[in-house]
Amino acid sequence: MSTTIVTDSTAYLPEGFAERHGVRVVPLHVAVDGRSRLDGVDFGPAELAAALGEHRRVTTSRPTPGELAEVYRSVLAEGAEAIVSVHLSRDLSGTWEAARLAAEEVDPSRIRVVDSRATGMGLGFAALAACAAGGDAECAEEAAVAAAARVRMFFCVETLDHLRRGGRIGAAAALVGTALAVKPLLHVDDGRIVPLEKVRTMGRAIGRLVDLAASAAGSGPVGLAVHHLAAPERAAELATLLDERVPGSTGCLISEVGAVIGAHTGPGVLGVVVLPGGVC
């Protein structure tokens, strides 16, 4: 059976990965001072960092069910027998729900929709695991779900202001400290962003990210990815430390996030995604 994997732009797959693995990526919407753009299509990380630096209003929204349905119809018309559509956590976005509605409209017997309970390469690894499972739709869905269940995500931000304004942190507001040097560490737990701990400097935050990732990775094969926004040097440093510390690493991927994550975390964010067992 020929199965095509569909995901959304919040996977932030490294450049060339979607094309190499035949993954169709549906962009989410971005609005800058009310002007509509598409995440990763005509609005990327550089434009986002500039907009945030100028204190412009950046908001994001899901693709519509109609847009997803159009993609599904196109994929099926190109010869795919089935689709596995893997998306960011339903607790962070309405994208999964839009995909479910689109699948019902087009052909629910041929389209399977998966909630990755994550975003970034937590979602990306789930989509890649579906690709690696081969052409059977049921196997691809099971691989995506299994990878999503294993993923661990940790990140630190320069400030919680962006997350708080976007309504993405809830209880994480308790991490706000009075000292300007406090750097909050957070993680994604069952699809939600929740507080983990706080440290005094970004240097210590990087050290803790390495510790947390190494503990989550274990000693076997592991997929590793580092995300950042407008912090390439720190991202490269973090990736190097992870490769040195995690014995099962075969090379840490680095990918800059776009508007849907970056607008809620702000410039300077650093994240680590760990997939114990790797993409099988």
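Reader: When do two strands pair here?
Author: Two strands pair if DSSP finds at least two bridges between them. Strands (E, at least two residues) and helices (H or I, at least four) are DSSP runs, numbered from the N terminus. The model is predicted, with local features needing pLDDT of at least 70 and side-chain atom pairs pLDDT 80 or more, while totals for chains, interfaces and linings use all residues. Residues are numbered from 1 along each chain as its sequence is written, and side-chain values use heavy atoms, leaving out hydrogens and water.

Reader: What is the strand order in the open sheet?
Author: Its six strands run S10-S9-S8-S13-S11-S12, with mixed pairing. Strands S10 (192-199) and S12 (253-256) form the edges, each pairing on one side only.

Reader: And how do S8 and S9 pair?
Author: S8 (residues 152-156) and S9 (residues 183-189) are antiparallel, over three bridges. Cys156 has Leu185 in S9 as its bridge partner.

Reader: Which helix packs on the sheet?
Author: Helix H8 (residues 202-217) does, touching S8, S9, S10, S11 (222-228) and S13 (270-276); contact means heavy atoms within 4.5 Å.

Reader: Turning to H5 and H6, at what angle do they cross?
Author: The axes of H5 (residues 121-132) and H6 (residues 137-150) cross at roughly 150° and come within 7 Å. Axes are lines fitted to C-alpha atoms, for helices over the stretch in contact, with angles from 0 to 180 degrees between N-to-C directions. H5 and H6 are therefore roughly antiparallel, a term for angles over 145 degrees.

Reader: Which residues meet there?
Author: Phe125, Ala126, Ala129 and Ala130 in H5 meet Ala140, Ala143, Ala144, Ala147 and Ala148 in H6.

Methods. Angles under 35 degrees count as roughly parallel, over 145 as roughly antiparallel, 65 to 115 as roughly perpendicular and the rest as oblique.
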